[in-house]
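Visitor: Could you take me on a close look at one part of this structure, the largest pocket, and then show me what sits around it? I'd like one connected walk-through rather than a list.

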Amino acid sequence: MTVVRIAVNINAPPQRVLAVLFDVERWPEWTSTVTQVHRLDRGPFGVGSSARVVQPKLRPAVWQVTELDENRSFTWVTHAPGARMTAGHFVEAQGDGSRAALSFEIAGWLGPIVSRLYRGMIQQYVATEASGLKRRSES
């Protein structure tokens with residue numbers, strides 16, 4: 001299993017950071033790693049919610065929320081033949097601001113191959129998303 005984790009300090013309260021994260025359809029406004037997000041369901045964002053995500057250099061993927069804590073985090077998952085990708089988004093209070101941690105994991109029998117092929121891009125994408133989240137949350 002390959003795991004990439006990046007944490008960033010944000011000068012905004014956790015509620016603000018979580019609001020930015022949970023509004024997935026607006027991600028293309030603050031990160032260049034996502035060009036389009038379309039929610040496939042209606043209602044509040046929560047466990048079971050899914051979205052079609054389009055990213056540069058990648059095939060469109062449907063991500064489904066598997067865990068959500070309204071005060072702290074959400075995790076969603078997508079599948080490809082032989083691989084399962086899990087992305088985690090965690091926020092906690094730190095002083096007057098927040099600390100956000102983003103993670104990306106690849107598992108499955110093709111996971112090691114996918115990891116070797118895409119590890120650099122994954123690291124770049126997670127870092128870009130963390131930086132964009134910081135800018136958006138602080139604005």
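Guide: First, a bit of vocabulary: helices and strands here are DSSP runs, at least four residues for a helix and at least two for a strand, numbered from the N terminus. Lining residues are those with an atom within 4 Å of a pocket point. Keep in mind that this is a predicted model.

With that in hand, α2 gives the most to the lining of the largest pocket, supplying 7 residues. That helix covers 111–138, and it shares the job with strands: β4 (61–69), β5 (73–80), β6 (83–94) and β7 (97–107) each bring at least two lining residues too. In total 31 residues line the pocket, and the ones nearest its centre are Q55, L58, W63, M85 and F104. The volume comes to about 740 Å³. As for chemistry, the lining splits into 22 nonpolar residues, 6 polar and 3 charged.

Let's stay with L58 for a moment, since L58 turns up in two places. Besides being among the residues nearest the pocket centre, L58 belongs to a nonpolar surface patch with I113, L117 and Y118, and together these four have about 360 Å² of accessible area. You'll find L58 in the loop between β3 (50–54) and β4. Patch members need over 30% relative accessible area, and L58, at 32%, is partly exposed.

Now for β6, one of the strands that feed the lining. Here E92 makes a salt bridge with R72, with the closest N and O atoms 3.6 Å apart. E92 lies in β6 and R72 in the loop between β4 and β5, so the pair ties together parts that are 20 residues apart in sequence. Both ends are partly exposed: E92 has 38% relative accessibility, and R72 has 41%. Salt bridges that share partners also link D23, R26, E29 and R136 into one network.

Within that network, E29 pairs with R26, their closest N and O atoms being 3.1 Å apart. E29 is partly exposed at 47%, and so is R26 at 40%. The structure has 6 salt bridges, and one more is worth a look: R39 with D41, where the closest N and O atoms are 2.4 Å apart. Buried means under 20% relative accessible area, so R39, at 14%, counts as buried. D41, at 24%, counts as partly exposed.

Notes. Residues numbered from 1 in each chain as written. Predicted model: local features only at pLDDT ≥ 70, side-chain atom pairs only at ≥ 80, totals over all residues. Heavy atoms only, no water. 1 Å grid on protein atoms, 1.4 Å probe; cavity = no way out; pocket = protein on both sides within 12 Å on 5 of 7 lines; lining within 4 Å. Points joined across faces, edges and corners; volume = space filled by probe spheres on them. Nonpolar A, V, L, I, M, F, W, Y, C, P; charged D, E, K, R; others polar. Patch = residues over 30% accessible without salt bridge, like charges linked within 9 Å, V, L, I, M, F, W, Y side chains within 5 Å. Areas by Shrake-Rupley, 256 points an atom, 1.4 Å probe, with all protein chains shown as cover. Salt bridge = Lys/Arg side-chain N within 4 Å of Asp/Glu carboxyl O. Buried < 20%, exposed > 50% of the residue type's maximum accessible area, 1.4 Å probe, protein only.
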